[in-house]
Every structure is written in C-alpha cells, then in structure tokens.
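Thanks, everyone. Let me bring the model up, and then we'll go through the fold and a few helices.

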Amino acid sequence: MQQPFINSKDDIQIDLNQVRIDIIHGIRECSDRGLTQTVKWLSELNYALKDHKINNIQSNYDDGILPDERETYLLAKSYFDCQEYSQYMSSEKKRLDNSTDVGPDNSESTQVLLDLLSFFKANHSSLDGYLLYLEGVILKKLDLRSQAVSVLQSAVAGVPTLWAAWVELAGLANEYEALDSLQLPKHWMMYFFAAHAFVELKLSEQALEAYIGLANAGFNKSTYVTAQMAIAHHDRRDVDSALALFGELYQNDPYRLDNWDVYSHLLYLKEKRMELAKLAQKAVSIDKYRVETCCVIGNYYSLRSEHQKAVVYFQRALSLDPQYLSAWILMGHEFIELQNSNAAIQCYRQAIDVNRNDYRAWNGLGQAYEILGLNGYCIYYYSRAAQLKPDDSRMLVSLGEAYEKMEKIPNALKCYYKAHSTGDIEGMALFKLAKLYEKSNMPNSAAAAYTAACQEPGNAGSKELPPAQRYLAQYYLRFALLDHAAHYAYKCLEHESRYLAQYYLRFALLDHAAHYAYKCLEHESTKEAGKNILKAISEKRLSASSSQCANLPEDLPDAIKNISTSSISHDASKTPFPSPNTAPDNFSTPMYSKKSSKYKM
C-alpha cells in the first residue's frame, strides 16, 4: 500500500486544481449511475473548495447555471436526490411524510446474491469500476471477505472518486496491519480513506492527525472533515472538544442531519437535557424519518430514563436502515437498563454482524453475559473488546473481574496491572489489583499497589482511599515502621472526621458535629467539607426556635446517646507526621510507576 498515513500535520501535499477536476468528473459519473450518497459526499467537498476557482472545466451543455452558483447548485441537487430537503422545502416534505414510519424489509435472499455473483464472474473482463464495486458489496454480504477486498481494490483503482467503494473497503480492514497491506492507487482520495479507516478502527489520535492534515491542505471548510474530527474527539473521550466542533457545524449548517446521532450522544453524556430536547425538535422539523432523528429522540428519552420509549425510537431507526450500527448498540444499552439481557444480546450480535470491528458491541455482550452470571462468555467478549480498543482500561478491568470470579487469579492480576499501565480511566485498577493481592495473601505486593493508588492525584476523594490507608497503617505497624504507620493512620482520621461530622449533623447533634467539623479544617483534603458543615450547623442553630435539645432518634446507638457533650473540646490535634519519603535501609516496598493518563477529561 502506498502510505497514506500521516506522521505530521504538514505532510499532505494535494493539487487542489486536480482535486476539483476529479470531483466534478466523479459527480457526473456517479450521478448518471444513481449513486446518490457518493454524489452527496463529493458535492460537499466541492462546495468546501468553491473559493478555489478552476477555468479549464468545459460543460457539454448549457444548463443555465451561473459559474459562481454551480457549487451551491450541485450540493443542493445532491441533497434533493438523497431526499434531504432544505429549509424552503421542509413544509412540502412534512405534507408528504404523514403516513406510517415503518418500511418493509428489502434484504435479498442468498440465492439472488449467488446468481448476481455468477453473472459478475462470467463477465469479469468487461466490468468497470462501478460494477466491480457492486460485486465487492455482494461478496461482503456473502462473508467472502478476502475476495471482497481484492475486488474493491480493483474498483477504487478504476474509479478513484467512488467514495462508496472506499467506505466498503475500510469496513473490511479489521486492524492497522490490514490497512498497510492494501494495494491502493496513488490518488488524493487515499488520504480521505486512511483518515476514515482510522475512525472506523477507533485509532483516534491517528484520525485527528490525518484530518488536521487534510484541513491544512485546503479542506478546512469541509463539513465532512469537521464532523469526522468531532467523532474522533468523541472516540478519545474528549467530550468538550467534540461538542465545540458539533456546535460550530450546527451554526454553519443547521439543516445537516449527518452525525447528529453522535452529537446527541455527547449531549447525553454531559446530561444537557434542554439542549438535547431542542436538538430533537429541530431534527423532527427537518425530517422525522431520518435514522439520525430517531436516534436523537431515543437518546433524549434515555436521558429522561424513559427506556421503553427510547427502545421504540431505536427500533424505528432500524426499520428505516437495518444496517445502522449506532441504533443496534444504543438499543442494546436500553435493554440492559430494562434488565432484559436476552434482548440486549440479540442487539449486540446484530451490531457485530454490521461491523465486527466496533468494540462497543463486544463490550456490551460481555456486560450482558456478566449480568447472566456466565463468566466464561464474559472473558471471551471482553477479550475481543480489549483487542479492538487496547488503550481503554475499562475493558481490561471488566476482563480482570471476570477472571477473578472464575478464580483465575494470575490472569486477573495481569489485566488489572495492564489497565493501570494503559491509563486507568475510572481509577479502579490499582485498588482492584491491591485487593486481589491482599486476598491472595501477598501483603508486600498489596502494600505497593495501595501506596501507588494513594499517591495518584486522580484518586483524591475516592471511596476506596480510606480502606487503602487503613491497610497501609496496619501493614507498616506490623513491621514496626512507626513513622509510616502514623502517617497513614493520620490520613484515616481525616476521612473519619468528615464522616462523623456529617453523621452527627444528620441527627442534629450539633456540638458533636461541630467538634469533628473543626477537625476537618485541620486537613487540606477535608477543609472545604468542614466549612460547609459548619455553615450548615450555624443555619440550624439560627433556625432553632428554642434552646431545647434535639430529640434523639430511637435507632441512635446507646454509645452515642451517652456521650457527654462537656467532654468535647476544640483543641487542635498534634501536628501530623510528614509523609515518609524513604523507607529504612533494611526494608523496601516495591512501587509502581504510573504514566500520566491522557484520557482523563
């Protein structure tokens, strides 16, 4: 394969004059053959390059379109041919779309596909690039993947601007090495193919570099390039950057429904209910029978926890397009919420049939079988998900949990450690690793893992932190390392002071609550919580109608009821022990080196 993969943002050198010529020729050829989606894709690129004028394109007929308006006309016509109407035709579209939503299933039988394939084999020498593309699609449907790859390579070599063939080819490459082995023509479309393939394989960093390179090469006004960059940010969990790009797209073209399913999912993740409701209303006003519209509405109902309604709209999307991957996966998630694991499994399996390279479907199957308690299946599906998304620690942690349930301790330890080394997204890998070491009677390793977890800034405030500090205090005390033990014991007191302050405040024992709230002020990690508790205490005291003591609840422990408030003092505690930097010469605790996580938002 001629390398299309981008190593820096300035590597791409494209002759935009030749690009315009190829695009216009491709629009004519594909339009004559009814390939409306490819015409639409080419027209969007052509419109993005409208400021780059060319003078050597001769028209065979006079269609009355002014040269300055030709790019706009071609884009509008492509939308019309795809039944994506502009604002001015929206009312007519609504009038026509007043019937039922669900269309028939138009899938062809295997016999029809085989008959077509026989025809293509018999006339192979006379097939042009467009018919080769059709043959490749049929081979892919018959799951003859290697033959499909070979035929589609011939198709893109014959007609480089046939974007549909490039998309089908990208769907057949299940890993980076497979992309590298392809034999592709030396053409500027190769760069778009590589970037698209990176997005399909969830290689977000490479995808961003590729699209930034294309933007710098002259495609900075392309709505397609901007949308793909937003999707790449979404895949790398940079939600804010993705939302910013989708917001920019919405401002520039508020009637472009493409990728609104991803946009709505981002709003769902940020729990922006009002924005998601407005987006759903806008989508319905444009075209309520687009799959993107159904997904937007489904995400809106899911955010409102109306999961049954969400399922209805995802089913509606699939009735419009049974190959719509996002709808299968999202509907599977809804069935998980509805505790219908069997239905969720069917959805995820359908998603894999559509695209076996999407890690979300494999991970969803692992979750569904985990609910059913079938840990052997969990291990298989989580493993596939981790292979497809090796930089995501969540699948590795889930895989480790499945191994742990099946008492495969060495495998579980490897998974937790790899999740930590990869960049722990949820901050649980080290704690699970330490607990498993503790359970396996490996105290030194457990102490090392707990120490690394306590020193990780991202774990501050984690509910797993107090048990870890308690274990370390007891561990060092056992070896008579009193400074270390005192350090972690003092850390335990910080958390316990906050808990006790909140506990007594809940039962209106304000003096006791104030006592521990003042203790919270002595520690940087609990200072803010202490201030809030003291403020709540002041408000309760001011609102008290009399100085009568609060009635104690009946379920309050006797030991707390009998506490004498006179024994409580606000004397400052002793100065805390400094955190030990080094262990004694005769003792050492292994430490883990943690790479800074680039995925934390």
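Start with contacts along the chain. Take those with a separation of 6 or more: 61% of them join residues 24 or more positions apart. Keep in mind that this is a predicted model.

Now the overall make-up. The protein chain has 30 helices and 0 strands. Of its 601 residues, 48% are buried. The accessible surface is about 31,100 Å². Carbon and sulfur atoms hold 49% of that surface.

On to one helix, α14. It covers residues 260-269. Is it mostly covered or mostly open? Mostly covered: 7 of its 10 residues are buried. Here are the names. At the start of the list we have Trp260, Asp261, Val262, Tyr263 and Ser264. Leu266 and Leu267 are buried as well.

What covers them? Several helices take part in covering the buried residues of α14. Among them are α12, at 223-235, and α13, at 239-252. The cover also includes α15, at 273-286, and α16, at 291-303. Helix α18 is another part of that cover. One backbone detail here: just after α14, Glu271 has a positive phi, about 55°.

Stay with α18, because it brings us to a helix pair. Helix α18 spans residues 325-337, and its partner α20 spans 359-371. Their axes come within 11 Å. The crossing angle is roughly 20°. That is under 35 degrees, so α18 and α20 are roughly parallel to each other. The crossing is left-handed. From α18, the contact uses Leu325, Ile329 and Ile336. From α20, it uses Arg360, Ala361, Ala368 and Ile371. By type, that contact has 6 nonpolar residues, no polar ones and 1 charged.

Second pair: α5, residues 110-122, and α6, residues 129-141. How do these two pack, and at what angle? The angle is about 140°, with the axes 10 Å apart. Roughly antiparallel would need over 145, so α5 counts as oblique to α6. This crossing, too, is left-handed.

Look at the residues that meet. Helix α5 brings Leu113, Leu116, Leu117, Phe120 and Lys121. Helix α6 answers with Leu131, Leu134, Glu135, Ile138, Leu139 and Lys141. Notice the spacing in those lists. An α-helix has 3.6 residues a turn, so residues three or four places apart point the same way. The contact of α5 with α6 divides into 8 nonpolar, no polar and 3 charged residues.

That's the tour. Questions, please.

Terms used: Residues are numbered from 1 along each chain as its sequence is written. This is a predicted model: local features need pLDDT of at least 70, side-chain atom pairs count only at pLDDT 80 or more; totals for chains, interfaces and linings use all residues. Side-chain values use heavy atoms; hydrogens and water are left out. Axes are lines fitted to C-alpha atoms, for helices over the stretch in contact, and angles run from 0 to 180 degrees between N-to-C directions. Helices (H or I, at least four residues) and strands (E, at least two) are DSSP runs, numbered from the N terminus. Angles under 35 degrees count as roughly parallel, over 145 as roughly antiparallel, 65 to 115 as roughly perpendicular and the rest as oblique. A crossing is left-handed if the near helix is turned anticlockwise from the far one by less than a right angle, and right-handed if clockwise. Contact means heavy atoms within 4.5 Å. Ala, Val, Leu, Ile, Met, Phe, Trp, Tyr, Cys and Pro count as nonpolar, Asp, Glu, Lys and Arg as charged, and the others, Gly among them, as polar. Buried means under 20% relative accessible area, exposed over 50%, partly exposed in between (1.4 Å probe, protein chains only). Accessible areas come from the Shrake-Rupley method with a 1.4 Å probe; for residues, only the protein chains shown count as cover.
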